[in-house]
Amino acid sequence: MKYAAFISYRHSELDMEIAKKVHTGLETYRIPGSVQKKTGKKKIGRVFRDQEELPIGSDLDDNISTALEGSEYLIVICSPRTPGSYWVCKEIETFIEMHDRNHVLAVLIEGEPDESFPPQLLTDEKGNPVEPLAADVRGADRKERNAKFKTEILRLAAPVIGCTYDDLRQRDRERRVRRLVAIVSSIAAVVAIAGTAFGIYNANVAKKMTQLANEKVALADEKTRLAEEITVQYTGKQENQSRFFAEESLALLKSGNREDAALVAMEGLPSEGNDRPYVADAEYALARALNAYDDGSNMSFDRTLSMDLSVSEIYRTDDGKKIVTTDSGSKVYVWDTSDWSLKTSISPAVDDTNYYVTVKGADADDTGVYVATEENELLKYNYDGEEEFRKEYEESIVHVDACNALNKVVVVCRDGLYILDAKSGKTLETFPDTTGYAYVKGAKYIAEFGKMILPHYDSETTRTYVTIFDPSTYEMSDCMISEGYYLDGTITPDGNFPVLSCNNDLLNNGVTRVMVDLISPEGNTLWSRELNVNVKYVMTFNSIIKAHKYIADDGAQNKDIVVAFEAEAFTLDEDTGAVKTSFALPGDANALAVMNSNSFGRVGYRQGNIDFVDFAEGRIYSEYTFTTNDSIRDWIVTDNKLIYASAYSPDLHVIGFHEAYDLEDFTKFDTRISPKGVSSDGEYFAVAPNDDYTTISFRDKDGKEIYKFDKGEFITEVYLYSDRALLADRDGIWKVDPFNKTANLVDPEKLGFGGFSSNSSVSKDGTKAVFWSLRDLTVIDLEKEESICNLTAEDGHMGKAVVTNDGTKAYVVNGNDTLSEVNTSDGSVTEFKDENIRTVAGSFDKDCLAISSDGKYVALCCMDGKVRVADTASHETVAEIPLQSYLRSFIDFTDDCTHIVMQGDDYRIRVWDMEKNAFVYTMDGTASVDYIVCDEDSGLMAVCQGYGLFLFETGGYGCVAYAENGMFYLKSNDSILLSNDRIAVQRIYHKDHKTLMEEAKKQFPGVTLSDEKKVKYNIN
């Protein structure tokens, strides 16, 4: 199951307070060791708590249904308000249908059970009375509730863990007893010390003083020990709290709240006034929130714009400089897109019956805000919130549009159009409807072309009209379209009008016919095309039409019309109306945007997520999918940002492409390159032209080419050191001096190697090399260019070999896949004692064997899903580490030989501590690891994947940074080289947590967490 439990509750103050305490209490509960052994569970896991109040409806939101299905238990917060909650009852019913009644728990927070438990908890499906398992946290005040919560949380935790309440209660009591004993001992120590003042007056003073002095020293030592223990425990709790803040920060960032994500991450870092231990997780979270290592190639959250209530409508002004929104309480907001500040907000008027007047539409220009209401009024406000004019109309207003460049406002009423002067409100022109069909909601003004598309509707007709209107010239044409229900319309770059419509009786008969009509600027229908669509949900489906013009890679000009219709997409040729491609979408499309320079665009789904799509090919690039936790309801696009609204949320999420503040251009290649490695001192790096195995280009840390090697036959590995490079080639190993531009081939055949086809590896310091084939092995001193040892195996092939820095030992996976040691001085072979040290299949092409630089340990990925580390002196196994590595493997020791970095089939990057004999860090990787770079001076370790780079701090080996397109880490100047296309390369630098915190103050000047948010995020 994805979630251990789902918390269902009414969104009122007390219910929300207890729901949050249950959420935090379960997720942070430390399962006692004895219970862990009994149940096999080390932690409870994730708990789902929906933080949105949903309106009354007929069905649950998809995210809620998915969460219910993926939860093992349902926990219902019960108060006298609960039975009246439509959604709590709906969630209980759905959970019981999906699972069973035995996995439903209740928390009584107020009132009596018969008035607080929903009927679904009091009776079963047959009407028989039942009694749910419940915790009781009722109290007269918060203090009393908190006191009861400490034990009652155990009633909820027990079934979720899989043990009894008495198991947890007993362990909890033991913990309290241990704490009490410690406190009593401390008090006794104080009393004993105080008693020494009286003892000095007793007889036998000298003896007594000596005795008391010894006791005092012993008590002082005990106090010191206790103080140290308390300090360690307190520091540990602070570290865990910082990790919690880091997790909360990443969750906030994932939800789109970048500002709060940065602020919460900083709460977990040491700073002036916040003397806490450093935790790498918090630095990593802060770096992510600040886009500190981004190169602008992928979308990420920018910020969240919050309203009082859920978003109702969202508009963009003609010039894109402002965003106008309304919430479900008819409050209007105007946001400045230059800095995303709130320029003004207009609260709704109150009518004679003491209800808010509903807003029907809104728009803005440089002079103010225009608000249309249900009382057939148009009001203009300036940005100080003062009313400037008011206009009344006989018919209801269905749309209002401020034409910024024209200084006009178009008011669309059911009976006609009214053109106003934007400053004075004076009516300039009136255009009554001439079709006989009323204007309806859905009009749009496309400022780029200076034209409006206005739909009509009449319930009695099978076909309807759209009106094309030019507010600058007042030219107007009424055009009949194929069907009676207008869906959407737009303008093509050539000035034509594609209009999407369907049958008028869709509510009774469903969507049976969908048409696209292309209308010329003169109002003539150029062609009509029926689309073969299959609509599943008539009440909720969405349909969008867009158009773009671009030149394809083959030079052909394309004029495409793109339609997203529920979960289907179509691309039509503007000239002919032919369907060029059609394809299924992975969800119901609620938003669509196309690019003007190519065939690509983006689709946002009701179920969440935003896809990057090639509409010409009908291909979805899933690797560029932008993941959200929201249901995409609608969006608007500005020059460099996408702003979306989600269902039932008061927040607008702004996303875009972000670049780190210190990102700089570095160098540019003529062709795509592959990263090959970086020198041990970080002074230079190596690349090769893509798919070229004969050429290596060496570049210094500033990007200048210092040497181009082009003598290779088939280069398989590149090893870079401070003063030389080694290139493993088909014919041997090239010794390259890139600074003096020399290259010399060490040919193993000339040094006695008799193998037909060879593999090779070099020692950690690059002075020795081992070559092997199926039966033959040789060890060569690369500096002297002479053979140290030649060996022929009699009992099978060799799969992998490594050699020590001094060349005295080689370690070989031999014919029966076991590990052996070769003594190069006499050629003797010693097999390791552990019969389980047997390598994975196909070891010759995997990084499955590694030796520490001091030669004391060798590590091997074994076929039984473990890494075994053996002592090279005793040949005995000293560590067994879980790692499934059948398909891929990477394993290497850090330079100081204290840790092992490894990766297996699941791409997770793991760091193993040799002294603790345990993992100290594990995280998801994004690609196969190529190599690691240890930087002792900066206390950093880079894990390089070629496509993506992680930075770890070596104090505790926590990850502090991830550069998605990182190729190299240069420790000479703590820089990271990045490239998205492997042609243009950019540079960025490592920032420590202090630097990041200063950057956060610049990105969010003067912003702090409010007291309410500190409570919300459990910061105290």
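This report describes the overall make-up, selected secondary-structure elements, loop residues and charged contacts of one predicted model.

## Overall architecture

The protein contains 14 helices and 70 strands. Its C-alpha atoms fill a box of roughly 105 × 95 × 55 Å along the principal axes. Of its 1020 residues, 52% count as buried.

## Helix α10

Helix α10 spans residues 258–267 and is mostly covered, with eight of its ten residues buried. The buried set consists of R258, D260, A261, A262, L263, V264, A265 and M266. The charged residues R258 and D260 thus belong to the buried part of α10, together with nonpolar residues such as L263 and V264.

In an α-helix, residues three or four places apart point the same way, because there are 3.6 residues a turn. In α10 the buried positions include the unbroken run from D260 to M266.

## The β52–β53 hairpin

Strand β52, residues 800–803, is covered on both faces. K800 and V802 are buried on one side, and A801 and V803 are buried on the other. This arrangement can be read against a general pattern: in a regular strand the side chains alternate between the two faces of the sheet.

Strand β53, residues 809–813, pairs with β52 in the antiparallel sense over four bridges. Within this pairing, V812 of β53 is the bridge partner of A801. Five residues lie between the two strands of the hairpin, and G807 there takes a positive phi near 75°.

## Loop residues with positive phi

Most residues other than glycine have a negative phi. Two loop residues are described here with this background in mind.

N354 is not a glycine, yet its phi is positive, at about 70°. The residue is located in the loop between β10 (341–346) and β11 (359–364). With a relative accessible area of 65%, N354 is exposed.

R982 is likewise a residue other than glycine with a positive phi, in this case near 65°. Its place is in the loop between β69 (975–978) and β70 (984–989). R982 has 0% relative accessibility and therefore counts as buried. The two positions consequently fall on opposite sides of the burial scale, since N354 is exposed and R982 is buried.

## A buried loop position at I109

I109 is found in the loop that runs between β4 (104–108) and α5 (113–116). Although it is a loop residue, I109 is buried, with a relative accessible area of 2%. P80 lies 29 residues away along the chain, and the C-alpha atoms of P80 and I109 are separated by 9.1 Å.

## Salt bridges

The count of salt bridges comes to 42. One of them joins the side chains of R101 and E125, at 3.2 Å from N to O. R101 lies in the loop between α4 (86–98) and β4, and E125 in the loop between α6 (119–122) and β5 (133–136), so the pair ties together parts that are 24 residues apart in sequence. E125 counts as exposed, at 61% relative accessibility.

A salt bridge also forms between the side chains of K331 and D308, with an N to O distance of 2.9 Å. This pair links distant parts of the chain, 23 residues apart: K331 is in the loop between β8 (322–327) and β9 (332–336), and D308 is in the loop between β6 (295–306) and β7 (311–316). K331 is buried, with a relative accessible area of 17%, whereas D308 is exposed at 53%.

K549 and D494 form a further salt bridge, in which the closest N and O atoms are 2.9 Å apart. Here K549 belongs to strand β28 (residues 543–551) and D494 to the loop between β24 (485–489) and β25 (497–502), 55 residues apart. K549 is partly exposed at 28% relative accessibility, and D494 is partly exposed at 33%. Elsewhere, D834, D864, K866, R868 and E880 are linked in a network of salt bridges.

## A negative surface patch

D352, E374, E375 and E392 form a negative surface patch. One of its members, E374, is located in the loop between β12 (369–373) and β13 (377–381). E374 counts as partly exposed, at 40% relative accessibility.

Methods: Residues are numbered from 1 along each chain as its sequence is written. This is a predicted model: local features need pLDDT of at least 70, side-chain atom pairs count only at pLDDT 80 or more; totals for chains, interfaces and linings use all residues. Side-chain values use heavy atoms; hydrogens and water are left out. Patches are made of residues with over 30% relative accessible area and no salt bridge: like charges are joined within 9 Å, nonpolar side chains (Val, Leu, Ile, Met, Phe, Trp, Tyr) within 5 Å. Accessible areas come from the Shrake-Rupley method with a 1.4 Å probe; for residues, only the protein chains shown count as cover. A salt bridge is a side-chain nitrogen of Lys or Arg within 4 Å of a carboxyl oxygen of Asp or Glu. Lys and Arg count as positive and Asp and Glu as negative; His and the chain ends are not counted. The place of a charge is taken as NZ of Lys, CZ of Arg, CG of Asp or CD of Glu. Buried means under 20% relative accessible area, exposed over 50%, partly exposed in between (1.4 Å probe, protein chains only). Two strands pair if DSSP finds at least two bridges between them.
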